[in-house]
There are 4 protein chains.
Amino acid sequence: VAAVATAIHHADGNITEAQQFDDPASGQFFMRVEFSVVAAATARAALESQLVPVTRSLNAAWTLREANALRRVLILVSKQDHCLADLLYRTRIGELRMNIVGIISNHPLPSLAAIGAGDIPFHQLPVCRETRSQQEVQIRSTIERTDAELVVLARYMQILSPEFAQSLVGRCINIHHSFLPGFKGAKPYHQAHERGVKVIGATAHYVTGDLDEGPIIEQDIVHVSHADSPEALSRKGRDVERQVLSRAVNYHLQDRVLLNGHRTVVFRP
Amino acid sequence: VAAVATAIHHADGNITEAQQFDDPASGQFFMRVEFSVVAAATARAALESQLVPVTRSLNAAWTLREANALRRVLILVSKQDHCLADLLYRTRIGELRMNIVGIISNHPLPSLAAIGAGDIPFHQLPVCRETRSQQEVQIRSTIERTDAELVVLARYMQILSPEFAQSLVGRCINIHHSFLPGFKGAKPYHQAHERGVKVIGATAHYVTGDLDEGPIIEQDIVHVSHADSPEALSRKGRDVERQVLSRAVNYHLQDRVLLNGHRTVVFRP
Amino acid sequence: VAAVATAIHHADGNITEAQQFDDPASGQFFMRVEFSVVAAATARAALESQLVPVTRSLNAAWTLREANALRRVLILVSKQDHCLADLLYRTRIGELRMNIVGIISNHPLPSLAAIGAGDIPFHQLPVCRETRSQQEVQIRSTIERTDAELVVLARYMQILSPEFAQSLVGRCINIHHSFLPGFKGAKPYHQAHERGVKVIGATAHYVTGDLDEGPIIEQDIVHVSHADSPEALSRKGRDVERQVLSRAVNYHLQDRVLLNGHRTVVFRP
Amino acid sequence: VAAVATAIHHADGNITEAQQFDDPASGQFFMRVEFSVVAAATARAALESQLVPVTRSLNAAWTLREANALRRVLILVSKQDHCLADLLYRTRIGELRMNIVGIISNHPLPSLAAIGAGDIPFHQLPVCRETRSQQEVQIRSTIERTDAELVVLARYMQILSPEFAQSLVGRCINIHHSFLPGFKGAKPYHQAHERGVKVIGATAHYVTGDLDEGPIIEQDIVHVSHADSPEALSRKGRDVERQVLSRAVNYHLQDRVLLNGHRTVVFRP
């Protein structure tokens, strides 16, 4: 902390918001420092020259990023467009500071214009069991070609291969429904209805080899009742899914999420 | 609905709050009618004489209860007293309309006076693997002797035998912690911490043969963060546990919970 | 209750969900009955012939509506389109069962296509202090011409004349931000920031002569912190505004909201 | 930040959790650093000798406190004991790290034993309009005699004189109910019922000369419905009051709350 703060001070930086956390479980130390400088270009050079030796001696990983720069984001989606629509809207009004460089779906998406996709390139990449690996190659190449820094699985109902998932560690966010108690398998909202749950939830997490088990970024729930049919549960689930995903993406875009093994540190404002 | 409303009308009753629900999944119809009468005793006789033939012809189960009558409740608890303390407090200030006829614990409870147990009979019934069935006999006999209408497992950390649980169907409420995703086994708060969850919850449910899987009455959650140690999770868990249990007990005491197979219908106000 | 239930029974109707509430404060009795019938047309005639004399003798107001029929809705909006976008999206995916017959704004709305307004007629009706009453005439005539059953003020930042508001009683829903404590006057989010509040909220209510003081349908809040700038408060406020408005509109469309003087009875599912 | 972190580093301290915030509105910078040391006594001396010159040159106010030390707290209460009972319970189980040095009420409190007040000195200091200033002298002297570091108004329904309130700035926490919209005057829950609100809330704040208008520490709400009588609102209000007060007191005890003019900075974990 001292070394970093000193480096920022020497570069005429002014700390605006910062958080530090020492995890007793992992023995790792986490820090996020938001600061303003007068001249970004010169400050970056000055900072880097000081941070490199400091962080090397501490064996610390670090990133220095301009807060105003729009991150390049690729969104994958299947048939349901509620999460995509929400991400598009929040991006358009400037709430999510990102540049959506492409939308990929394994289905046609007739709603694209109505949800404001505008001129964003759309790639329909159909997939069946036999073509899974070829389709994945196409996705990979789209990620590379668009130079996407973040991939968002906005209700993308296909499983990524472990190798592909592994290659995206820390830069691919998925959303899935969550329940108390948990339900595995198909038609989770029907299972939840049958079990008579009183809350349903959603979990946004980083993708790892184990698709739905990556480090959790954000979770929330909504209350439901006996009168909610499976369709009503699904509708309420959509609401909480899109909110949780948008919040998680926003935290990521603001570099508030740090990986801590199988967990995350989320420095909320 | 027509027959019941007519019967109440003929008994000079005045409906104050009522709800009906037709469950398409189970094909069952549920109704709760709260009404006031001028003379309770005569109204009861008049109502019963009309409801008996009506409900018989419909093959409907029904109960007629005086809203002001205090229900007799037996509370079982182990070492942790946060749920018990909350139930005692809410009962004392008249929020939970019940008469606590006894407290059973498998441990000594030195805090009894400090949490306001006052003159409520306390039964310490220790248990180990070998004495489980004998201790259960003691519990059963306490239930019978006290004429308890409801048994509340307020963090009672012992498993009931399937036969005993079965004998309490619809009149025994349990509270347990719940997580997204779910964790089985010991030390759930440590598991939740290790998994890095962002919400922890609690579930109140009726006890059936399958202890933690009975019909759910109420659920809620609390948000947590990476900075919460397993102890902090456990502390926040206590808070949500006692709230959820108190709400579930209150719904039961007001006859707002109707069993619907493995689910419940909860007619909330 | 008895008479209505009997009438439904005679018309071969099957009650699916119903609620009754007797308000001791106003002395009014409220009832909502959802039921299915085999032949809607004949059932309606049969029901009406029975309900007319019954309700006349009880001096009761009543409405009989087909649940599947789309209600005709006119939306008024100013510059901010977050509530409009949410209503359009939820209508498109079938969550809000309504037919949006027009959108009126006192400003141009360049985002209309991007938020999915599609072919919905858009009426730009600019207004300044001098032209207020003429513009109101235009709005009134649009309501009449489109045969709108419900008017939604989705962040419409103009004050309606008391006479106009009065003419829309019970069929015009407004959304406004709400704070603890409340703030009067301009720039409420700046005031809330200055006051250092920890929650901000939104209230959806029926419009009456007193614009922001009509019967409340739905309210909710979102937690904020010292780190939230007035802009961040405003952004979080948008989120809760659109959720609260959508829920209120949905309750209205499902005839779950009954006026009770200055209050509402909301029979939530 | 650099100077403080360097000082901690030189004193062999290990930062466990820290947060910084630069408020653009007030131009003030806030910092909270939690750290562990091997030898507390020597570390304190070493730290102070380094922090004194640094903070003097920055014109910064600072406090250095041992996290494990129990803070001395005096609780004031009137008739309603729900907040007091909650504070006592959480203190007893070690959740609130404080030493309750006394309880003052202007009424007799027959429930003291039942809510676990145990041996805590109780001072009944009745008050009427004529004796207000004398009673305040007694309270002041009790604060001094008990060396109380924090005064908690746990539903103390008397107004403090501006001078007294002023003397407690930053070390006296009050709880009061809050509503959307706000209601002034007596019987707020009746007013809220009459207005038909759908949420009721509570606000915990530092006391200043203007009793209910001091810097807000914590706020929360609970959802209510048309079926909630004024008594039910009041009961639900009690629940949210005690939770909000306990959270605010806990934040204060952990030195997470920093005064920022009329606002607070709350560094939540």
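**Group meeting talk: sheets and chain contacts**

Let's start with one pair of residues: in strand β6 of chain A, V151(A) is the bridge partner of L74(A). Before I go on, please keep in mind that this is a predicted model.

So which strands does that pair belong to? Strand β3 of chain A, residues 71–77, pairs with strand β6 of chain A, residues 150–153. The two run in the parallel sense, and four bridges join them.

Okay, let's zoom out to the sheet. What is the order of the strands in chain A? Reading across, you get β5-β4-β3-β6-β7-β8-β9, an open sheet of seven strands with mixed pairing. Why do β5 and β9 of chain A each have one side without a neighbour in the sheet? β5 (122–124) and β9 (216–223) of chain A stand at the edges, and each has a single partner strand, so one side is left free of a neighbour in the sheet. Neighbouring strands in this sheet of chain A are turned against each other by 20° on average, if you ignore direction.

Now for the helices on that sheet. Helix α3 of chain A, residues 82–92, lies across β3, β4 (98–105), β6 and β7 (172–179) of chain A. Against β4(A), helix α3 runs at about 160°. Then there's helix α6 of chain A, residues 188–195, which packs on the sheet and touches β7 and β8 (199–206) of chain A. The direction of α6 makes about 25° with that of β7(A).

Over to chain B. Here too we have an open sheet of seven strands with mixed pairing, in the order β5-β4-β3-β6-β7-β8-β9. At its edges stand β5 (122–124) and β9 of chain B, each with a single partner strand, so each has one side with no neighbour in the sheet. The average turn between neighbouring strands of this chain B sheet is 20°, again with direction ignored.

How many bridges join β8 of chain B to β9(B)? Seven, and these two strands run antiparallel; β8 of chain B covers residues 199–206. If you want one pair to click on, try A204(B), whose bridge partner in β9(B) is E218(B). And α6(B) packs on the sheet, touching β7 and β8 of chain B, with its direction at about 25° to that of β7(B).

Next up, how chain B meets chain A. The contact involves 35 residues from chain B and 35 residues from chain A. Together they bury an area of about 2,800 Å², and carbon and sulfur atoms give 55% of that. How many salt bridges are there between chain B and chain A? The count is zero. As for polar contacts, there are 14 residue pairs between chain B and chain A, both residues being at pLDDT 80 or more.

Which elements of chain B supply at least two residues each to the side that touches chain A? They are β7 (172–179), α6 (188–195), β9 (216–223) and β11 (263–266) of chain B. Of these, β9(B) gives the most, with seven residues. Sorting the residues on that side of chain B by type gives 16 nonpolar, ten polar and nine charged.

Chain A also touches chain D. There, 14 residues of chain D are in contact with 14 residues of chain A. The buried area between chain D and chain A is about 1,200 Å², with 53% of it on carbon and sulfur atoms. Salt bridges between chain D and chain A: zero. Polar contacts: five residue pairs across the interface of chain D and chain A, both residues at pLDDT 80 or more.

On the chain D side, the elements giving two or more residues are α1 (2–10) and β1 (14–22) of chain D. β1(D) gives the most, with nine residues. By type, that side of chain D has seven nonpolar, five polar and two charged residues.

And here's a nice one to look at: β1 of chain A, residues 14–22, pairs with β1(D) in the antiparallel sense, over five bridges. Look for Q19(A), which stands opposite Q19(D) in β1(D).

Last bit, salt bridges in general. Side chains of opposite charge can pair when their charged atoms come close. Over all chains, the count comes to 76 salt bridges. One example is R242(A) with D239(A), whose side chains meet at 3.8 Å, N to O. Both residues lie in helix α7 of chain A (230–253), three residues apart, about one turn of the helix.

Methods:
Residues numbered from 1 in each chain as written. Chains lettered and ligands numbered in written order. Predicted model: local features only at pLDDT ≥ 70, side-chain atom pairs only at ≥ 80, totals over all residues. Heavy atoms only, no water. Contact = heavy atoms within 4.5 Å. Buried area = accessible area lost by both parts, 1.4 Å probe. Salt bridge = Lys/Arg side-chain N within 4 Å of Asp/Glu carboxyl O. Polar contact = N/O pair within 3.5 Å; in protein donor to acceptor, adjacent residues only side chain to side chain. Nonpolar A, V, L, I, M, F, W, Y, C, P; charged D, E, K, R; others polar. Pairing = 2+ DSSP bridges. Axes fitted to C-alpha atoms, helices over the stretch in contact; angles between N-to-C directions.
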